[in-house]
Amino acid sequence: MTSDRITMTEPATTQAQGDAALADEFDNDSPINLQDEIFEPAPPAPAAIGNGLVGRIGAEFFGTFLLVFVGVGAALYGSILGFGQLGVALAFGIALIAGIAAVGSISGGHFNPAVTFGLTLAGRASWKDLLPYWVSQLAGGSFATLVLWAITPRQVNVLTDISSTSRAELFQNAANGFAAHSPAFDSSAADQVKQYLAQGFTADQIKEAVAAGQVTFKDSFDISWTNALILETVAVALFVGIILAVTDARTKIKFQPVVIGLSLAALLALAMPLTNGSLNPARSFATAVFAGGWTWGQLWVFIVAPLLGGAIAALFYRGFAAPNAFIGAGIVPAAQGSGDFVPFEAGITAPTSEFTDEAAVASGDQATPAGEWVLEDVIVDEVVSVDVPLTLSKTNETASADEAEASALAEDETTAANGDENDDDEPEGDTVLR
């Protein structure tokens, strides 16, 4: 006897109809030779429109542009609009919600090289899309700051014949930095101390005056590059971990964009007082392009830290939270399909049928899509009874053909009973299901 590969599809019928049809099919004692039956294969899931590589990188360009344009724009003009760092954090979060809702079904709604890197390491995105996504995200963010640069006056905060701020200085205020360029560092306190020392006061006298409340200084933090690196790494690890959790197939919530956007806003509210809140290499790079100066020397921290954070989140996900169906099985596209990975809205769907080829999953082969079951290496050497709520869909068979086949099988059985065919053994090579 040989091994046969049989593909069975779940037709659009109710379970009751399926049971009735199966009962009619196997109601007699006649053997049915499965080699003579042709079963209709499951049709491939239609590819979603616009989900090719060009469509996906276009969606990433748009989403990153929206995120940087709104977030960095709020940081540039926050003092004019009358809201502080909390308002800027909310602007980033709301822009991310809008971007994911708009084009997340096309590209997955990353808009952040660290998110793309983390999802790729976690097995939720394709390695071949990593560089195209990064290029698209950096280009989208840079184009957003180009537009902001174009609409910003050459001189701002102008006081005639006294002071003014250039566009580059304004962009530096919105850039990410540490040490003397951290928002938490206030140079005015140091300048004030220098003035007292220049007037002849000693350091001890200044300390006594501060303790007595005669002199006050603004709070100032000296954020080192290690402080900034740790902060950004931990924040991005939490952010990517939240994304992996809420977009997991086992998560039942339907408002993932809101959770992701508000998580970004909360983490930025924590990080902005210390580093101006990056959590996104595309945001930091786009701002440095037009800020120039010291921003290039500190940019590396805001590229390395987010990528490191995304990697940490991915490794934790794979080690402790990844579904068993994906360990060694690679990526399983959702029915909607978005290329080689699954968008946030679709989630990642693993086959849930008891007929799923678990051996293929364990060996690293592509898992069978949901709704299709493949029974591989089936060898039937005895009469078995079948009792499953599943109908077998046949190709190019009509009711008359079924009747003719049933009559022929009945004739064969009668002849065999009369002794015309006395070979009770099944011929070798046949797979028989009664």
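How many cavities of 30 Å³ or more does the structure hold? There are 5 of them. Please keep in mind while reading that this is a predicted model. Here are my notes, point by point.

1. **The overall picture.** The protein chain has 15 helices and 6 strands. Of its 434 residues, 41% are buried. Long-range contacts are well represented: among contacts between residues at least 6 apart in sequence, 77% join residues at least 24 apart. Several of the points below show such pairings in detail.

2. **The largest cavity.** Let us return to the empty space inside. The largest of the 5 cavities has a volume of about 90 Å³. Its lining consists of 14 residues, and those nearest the centre are Leu 67, Asn 112, Leu 264, Leu 279 and Asn 280. Two helices, α3 (85-107) and α10 (256-275), each supply at least two residues of this lining. Sorted by class, the lining of the largest cavity has 8 nonpolar residues, 5 polar ones and 1 charged one.

3. **A salt bridge across the chain.** The count of salt bridges comes to 2. In one of them, the side chains of Arg 56 and Asp 129 meet with an N to O distance of 2.7 Å. This pair links distant parts of the chain, with the two positions 73 residues apart: Arg 56 sits in helix α2 (residues 53-81), while Asp 129 is in the loop between α4 (113-121) and α5 (130-151). Are the two partners buried or exposed? Both Arg 56 and Asp 129 are buried.

4. **The other salt bridge.** Asp 248 pairs with Arg 250, and their closest N and O atoms are 2.8 Å apart. Asp 248 counts as buried because its relative accessibility is 7%, and the cut-off for buried is under 20%.

5. **Ser 182.** This residue lies in the loop between α6 (167-174) and α7 (187-198). Its relative accessibility is 4%, so Ser 182 counts as buried. What lies 2.4 Å from a polar atom of the side chain of Ser 182? The backbone oxygen of Leu 274 does. Leu 274 also appears among the residues that Ser 182 touches, together with Gly 177, Ile 223, Pro 273 and Thr 275, when residues up to four places away in sequence are not counted.

6. **Pro 183, next along.** Pro 183 is found in the loop between α6 and α7 as well. Here the relative accessibility is 35%, so Pro 183 counts as partly exposed. Leaving out residues up to four places away in sequence, Pro 183 touches Gln 85, Met 272, Pro 273, Leu 274, Thr 275 and Asn 276. Pro 273, Leu 274 and Thr 275 are thus on the contact lists of both Ser 182 and Pro 183. From C-alpha to C-alpha, Pro 183 is 9.9 Å from Gly 277, although 94 residues separate the two in sequence.

7. **Phe 221 and its partners.** Phe 221 is found in the loop between α8 (203-211) and α9 (225-246). At 48% relative accessibility, Phe 221 counts as partly exposed, because exposed means over 50%. Setting aside neighbours within four places in sequence, Phe 221 is in contact with Ala 184 and Phe 185. The C-alpha atoms of Phe 221 and Phe 185 are separated by 4.9 Å, and the two residues are 36 apart along the chain.

8. **Two backbone angles to look at.** Which way does the sign of phi fall for Phe 111, positive or negative? Phe 111 has a positive phi of about 60°, although it is not a glycine. This residue lies in the loop between α3 and α4, and Phe 111 is buried because its relative accessible area is 0%. Ala 179 offers another case: its phi is near 55°, again a positive value in a residue other than glycine. Ala 179 lies in the loop between α6 and α7. With a relative accessible area of 23%, Ala 179 is partly exposed.

How values were computed:
Residues numbered from 1 in each chain as written. Predicted model: local features only at pLDDT ≥ 70, side-chain atom pairs only at ≥ 80, totals over all residues. Heavy atoms only, no water. 1 Å grid on protein atoms, 1.4 Å probe; cavity = no way out; pocket = protein on both sides within 12 Å on 5 of 7 lines; lining within 4 Å. Points joined across faces, edges and corners; volume = space filled by probe spheres on them. Helix = DSSP H or I, 4+ residues; strand = E, 2+ residues; numbered from the N terminus. Nonpolar A, V, L, I, M, F, W, Y, C, P; charged D, E, K, R; others polar. Buried < 20%, exposed > 50% of the residue type's maximum accessible area, 1.4 Å probe, protein only. Polar contact = N/O pair within 3.5 Å; in protein donor to acceptor, adjacent residues only side chain to side chain. Contact = heavy atoms within 4.5 Å. Salt bridge = Lys/Arg side-chain N within 4 Å of Asp/Glu carboxyl O.
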